[in-house]
Amino acid sequence: MNVIKRIGAFILLILFVCGLGAFLFGYMPYWFGSESYRTDYREIVEKYSEEFGIDEAFVFAVIKTESNFDPSAVSDAGAIGLMQIIEDSFDWVSSKLGESDLTYEDMFTPEYSIMYGSYMLAFLYDRYGSYELAAAAYHSGIGEVDGWIEDGIVSLENPDIADFEGSNTRHYVRKIMKAYTRYSEIL
């Protein structure tokens, strides 16, 4: 009788472990995926991605990579806000949008940071026709990316992240594209 109880307990333990494994492999990746890829400020992102004609999944990927949704983020380079706008970019976008009431400090306000960042991403995507090149230019600047193209280092028609100069830029663009792929799946 004692052996039968042990075999029954062993079978129950195996069923429990199998059930737990099914739960962890089936449900937890979904749960962690949705937690890791937040969609804070969704109405604002939808508004400006539609207004400027850029994929909202790409905007979310940039926000996640740049600030991880921290509107008070400040980089070592002095970029600020959700989308990490630098002052030169702020001035340039302000002139393009005809916006004279905002100051650079307003980039700490999520709506303005998303508006300016979305405008820049749309401009860069329209210029290069590639999310990879748009992300590289957002990170390293238009002059840098134009130089790669002019020097034949990167193909405008078929850009390969491995050809991008600078390990920081390649790493950044890979992170953006990974997040963009994930956001494209969940939005």
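Visitor: How many helices and strands does the secondary structure of the chain come to?

Guide: The count is 9 helices and 0 strands, where helices (H or I, at least four residues) and strands (E, at least two) are DSSP runs numbered from the N terminus. Bear in mind that this is a predicted model, with local features needing pLDDT of at least 70 and side-chain atom pairs pLDDT 80 or more, while totals for chains, interfaces and linings use all residues. Residues are numbered from 1 along each chain as its sequence is written, and side-chain values use heavy atoms, leaving out hydrogens and water.

Visitor: What makes Lys47 and Glu111 a salt bridge?

Guide: A salt bridge needs a side-chain nitrogen of Lys or Arg within 4 Å of a carboxyl oxygen of Asp or Glu. Lys47 and Glu111 come in at 3.1 Å, N to O, so the pair fits. Lys47 sits in helix H3 (residues 42-52) and Glu111 in helix H6 (residues 110-128), so this pair ties together parts 64 residues apart in sequence.

Visitor: And why is Asp146 called buried?

Guide: Buried means under 20% relative accessible area, exposed over 50%, and partly exposed in between (1.4 Å probe, protein chains only). Asp146 has 18%, so buried is the word. Its salt-bridge partner is Arg127, at 2.6 Å, N to O. Arg127, at 40%, counts as partly exposed.

Visitor: Which salt bridges share partners?

Guide: Those that join Arg42, Glu46 and Glu56 into one network. A search of the whole structure finds 6 salt bridges.
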